[in-house]
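Hi,

Here is the structure I promised to pass on. Have a look when you get a moment, and my notes are underneath.

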Amino acid sequence: MFRFCVVLFFAESLIAQELDWPVEKDKKFQISSTFGESRMDHFHNGIDLPGEGFPVLSPADARVLYCHHDSEVPGEMPFGGGTTVVLDHGKLWTGYMHLAETTACNNEGQLLARGEKFASAGNSGHSGGPHLHFFIYEPAQRTLVNPLLILGQDYYRDKKPPLVKEWGVLLPEKFAMVNPQRPFRLSADYPVYVLIEDQGVARERWGIFEYRVFLDDREVLAARFDRLVFNDGWRLGGKYSFEEIFYRNFYTLTNQVRRARRIRLEARDLAGNSTERSWEPTIQQN
Ligand SMILES: [Zn+2]
């Protein structure tokens with residue numbers, strides 16, 4: 001029951017694109033961020049490849065669609081992506097941010113061959129450390145797709161299940177941590193959130209790929225971090241706004257916690273490692 005065919009679905013629908021990873025094949029690393037993770041007030045719209053100075057290669061034949069060089073904007077610029085390139089491959093576009101250097105800005109609309117180097121990774125813009133931010137966009141659908149569903153999982157090794165951690169409740173005046181194992185007071189249906197961290201093989205702390213919430217065995221939330229569709233803001237799976245899924249980096253559990261005897265959470269990562277937790281909280285209602 002806890003298996004899904006989304007990976008196959010995407011692989012079939014987009015396989016004609018045949019995008020390669022935008023890095024040299026013998027490059028060794030582990031992605032440092034996953035698609036759809038919370039960035040506190042928005043979804044992370046791609047994946048991060050850590051490191052500095054490594055060559056960035058066109059993943060297929062391409063035309064340069066957009067190029068912004070940091071040096072064009074003096075001083076502290078409003079543009080957080082730093083040096084940025086977007087490539088047009090036909091049905092799909094790919095994007096690259098925080099670059100150190102790029103040749104893609106040299107001529108407008110220049111063409112690149114598959115595997116051609118056009119940039120090196122860096123730390124430009126608002127970046128917490130050297131990395132390449134990489135995204136894949138399907139313009140006809142106004143959809144950002146999880147790159148791991150298209151490129152495969154070469155740089156994503158994940159052997160550990162997601163960790164389910166503490167609860168937080170968004171009260172009118174503050175965000176408060178609660179221990180659901182102990183009785184607690186809740187005077188209204190304030191939204192309850194849970195911290196979930198996915199672990200890789202070492203110290204990675206990633207976003208999960210999918211989670212479901214059940215109240216007394218009734219499913220009330222099912223979110224999958226496969227795509228973001230632009231429809232009155234970016235919506236996860238075409239459905240959920242950022243605020244419906246996250247409060248800061250906490251995942252939404254429910255805003256009906258007082259009406260359920262039992263709350264169950266299923267979470268899994270893209271490698272299929274899964275975690276299940278349930279709670280029967282004792283809530284004082286007044
Ligand atoms: Zn990123």
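Below is what turned up, starting with the whole chain and ending with the cysteines. Keep in mind that this is a predicted model.

First, the overall build. The protein chain has 22 strands alongside three helices. Its radius of gyration is 21 Å, which agrees with the value near 19 Å that a compact globule of 286 residues would have. Along the principal axes, the C-alpha atoms fill a box of roughly 65 × 45 × 35 Å.

On packing, 52% of the 286 residues count as buried. If you take the contacts with a separation of 6 or more, 68% of them are between residues 24 or more positions apart.

Then the surface and the charges. The accessible surface comes to about 13700 Å², and carbon and sulfur atoms hold 48% of that. There are 33 positive and 38 negative charges in the protein chain, and their mean positions are 8 Å apart.

Now the part you may care about at the bench: the count comes to one disulfide. It joins Cys67 to Cys105, with an S to S distance of 1.8 Å. Cys67 lies in strand β3 (residues 62-68), while Cys105 is in the loop between β5 (93-102) and β6 (111-112), so the pair ties together parts that are 38 residues apart in sequence. The torsion about the S-S bond of Cys67 and Cys105 is about -80°, so this disulfide is left-handed. And is Cys105 buried or exposed? Cys105 is partly exposed, because its relative accessible area is 26%.

Cheers

Note on methods
Residues are numbered from 1 along each chain as its sequence is written. This is a predicted model: local features need pLDDT of at least 70, side-chain atom pairs count only at pLDDT 80 or more; totals for chains, interfaces and linings use all residues. Side-chain values use heavy atoms; hydrogens and water are left out. Helices (H or I, at least four residues) and strands (E, at least two) are DSSP runs, numbered from the N terminus. The radius of gyration is taken over C-alpha atoms; the globule rule is 2.2 Å times the number of residues to the power 0.38. Buried means under 20% relative accessible area, exposed over 50%, partly exposed in between (1.4 Å probe, protein chains only). Contact means heavy atoms within 4.5 Å. Accessible areas come from the Shrake-Rupley method with a 1.4 Å probe; for residues, only the protein chains shown count as cover. Lys and Arg count as positive and Asp and Glu as negative; His and the chain ends are not counted. The place of a charge is taken as NZ of Lys, CZ of Arg, CG of Asp or CD of Glu. A disulfide is a pair of cysteine sulfur atoms within 2.5 Å.
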